[in-house]
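Visitor: I should like to learn how the terms used for a protein model are justified. May we go through them one at a time?

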Amino acid sequence: MNILGHTFVALAVGGDEPEYLLGAMLPDLAPMAGVKVARGALVGALREGVRCHLRADDAFHAHPDFRAGSGALRRALAERGVESGPARAVGHAGWELLLDGTLVRTPVEDAFRRAMAVGDRAATAMGPDDRARWAAFLARGRTSPGLGYDDPRWVADRLHAMLARRPRLRLPEDQVAPVAAVLGGHVD
């Protein structure tokens with residue numbers, strides 16, 4: 001979920017080659033686009049970027065600060081009446097998206113855009129139906145008004161949309177505003 005965070009890490013450890021940066025975001029972008037990537041079919045910088053993503057996730061999700069932030073969000077959401085499944089999902093993904101908010105309108109966002117400009121290069125590791133969905137996802141990204149990870153309401157709306165297809169994690173519409181309030185209380 002934290003595409004700017006993965007871009008930041010990739011820049012720090014591997015350079016600014018757009019395909020590498022794309023690979024570093026691809027494991028999070030693919031589910032957002034509703035596509036499956038055959039990782040074994042990726043080559044070169046794309047493959048290395050995916051490896052960067054996986055190593056970063058392993059370290060990040062085990063880090064005490066991530067666990068503390070995610071846990072604090074989850075507890076605050078439970079206090080506002082958000083059910084366990086959505087609270088757990090929002091605690092995890094919401095914390096990641098808030099962290100991405102610290103990177104909006106920085107050189108990291110510029111690097112993200114350079115990577116997305118070569119997004120079609122990942123299509124070779126997708127089936128035909130997924131290639132069409134991926135192309136549509138990239139087209140929507142080119143016309144979107146921008147990243148709003150620094151806006152708690154925007155993040156809450158994104159989480160609502162992302163979790164809609166997950167029955168146990170689904171965030172009811174009437175809980176989007178309380179989620180936005182909780183997220184806003186956790187922005188430093």
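**Reasoning from values to terms**

Guide: Let us begin with L22, which, apart from its neighbours within four places in sequence, is in contact with L29, L46, A115, M116, V118, G119, A122 and W134. Please keep in mind that this is a predicted model.

Visitor: What makes L22 count as buried?

Guide: The term buried requires a relative accessible area under 20%. L22 has 0% relative accessibility, so L22 counts as buried. This residue is found in helix α2.

Visitor: Which residues touch the most other members of the largest nonpolar core?

Guide: They are L22 and W134, in a core of 59 residues. The largest share of this core comes from helix α2, residues 18–33, with 9 residues. W134, leaving aside its neighbours within four places in sequence, has contacts that include L22, L26, L29, A30 and A33. Its other partners include G119, D120 and M126.

Visitor: Why is the pairing of R105 and D150 called a salt bridge?

Guide: The rule asks for a side-chain nitrogen of Lys or Arg within 4 Å of a carboxyl oxygen of Asp or Glu. For the side chains of R105 and D150 the N to O distance is 2.2 Å, so the pair meets the rule and is a salt bridge. R105 lies in the loop between α5 (84–101) and α6 (107–117), and D150 in the loop between α7 (128–143) and α8 (152–163), so the pair ties together parts that are 45 residues apart in sequence. In general, side chains of opposite charge can pair when their charged atoms come close.

Visitor: How do you know whether R105 and D150 are buried, partly exposed or exposed?

Guide: Exposed means over 50%, and R105 has 62% relative accessibility, so R105 counts as exposed. D150 has 32%, which falls between 20% and 50%, so D150 counts as partly exposed.

Visitor: How many salt bridges are there by this rule?

Guide: The count comes to 6 salt bridges. Among them is the one between R133 and D130, whose closest N and O atoms are 2.3 Å apart. Both residues lie in helix α7, 3 residues apart, about one turn of the helix. Another joins the side chains of R153 and D157, at 3.2 Å from N to O. R153 and D157 both lie in helix α8, 4 residues apart, about one turn of the helix. An α-helix has 3.6 residues a turn, so residues three or four places apart point the same way.

Visitor: What makes D130 buried or exposed, and what of R133?

Guide: D130 has 12% relative accessibility, which is under 20%, so D130 counts as buried. R133, at 39%, counts as partly exposed because its value lies between the two cut-offs of 20% and 50%. By the same reasoning R153, at 37%, counts as partly exposed. D157, with a relative accessible area of 36%, is partly exposed also.

Visitor: Why are α8 and α9 called oblique to each other?

Guide: Helix α9 comprises residues 176–185, and it packs with α8 at an angle of about 130°, with their axes 8 Å apart. Roughly perpendicular covers 65 to 115 degrees and roughly antiparallel begins over 145, so an angle of about 130° belongs to neither, and the two helices are oblique. Their crossing is right-handed. The residues that make the contact include P152, R153 and V155 of α8, and V176, A177 and V179 of α9. In α9, the residues V176, P178, V179, A180, V182 and L183 are buried. The buried residues of this helix pack against α4 (64–79), α5 and α8.

Visitor: What makes α1 roughly perpendicular to α6?

Guide: The axes of helix α1, residues 3–14, and α6 come within 9 Å and cross at roughly 95°. That angle lies in the range of 65 to 115 degrees, so α1 is roughly perpendicular to α6. Where they meet, I3, L4, T7, F8 and L11 belong to α1, and V108, E109, A111 and F112 to α6.

Visitor: Why is N2 called buried?

Guide: N2 has a relative accessible area of 7%, which is under 20%, so N2 is buried. N2 is found in the segment before α1. Leaving aside its neighbours within four places in sequence, N2 is in contact with D28, F60, E96 and D100.

Note on methods: Residues numbered from 1 in each chain as written. Predicted model: local features only at pLDDT ≥ 70, side-chain atom pairs only at ≥ 80, totals over all residues. Heavy atoms only, no water. Core = buried A, V, L, I, M, F, W, Y, C linked by side-chain atoms within 4.5 Å. Buried < 20%, exposed > 50% of the residue type's maximum accessible area, 1.4 Å probe, protein only. Contact = heavy atoms within 4.5 Å. Axes fitted to C-alpha atoms, helices over the stretch in contact; angles between N-to-C directions. Left-handed = near helix turned anticlockwise from the far one by under 90°. Parallel < 35°, antiparallel > 145°, perpendicular 65-115°, else oblique.
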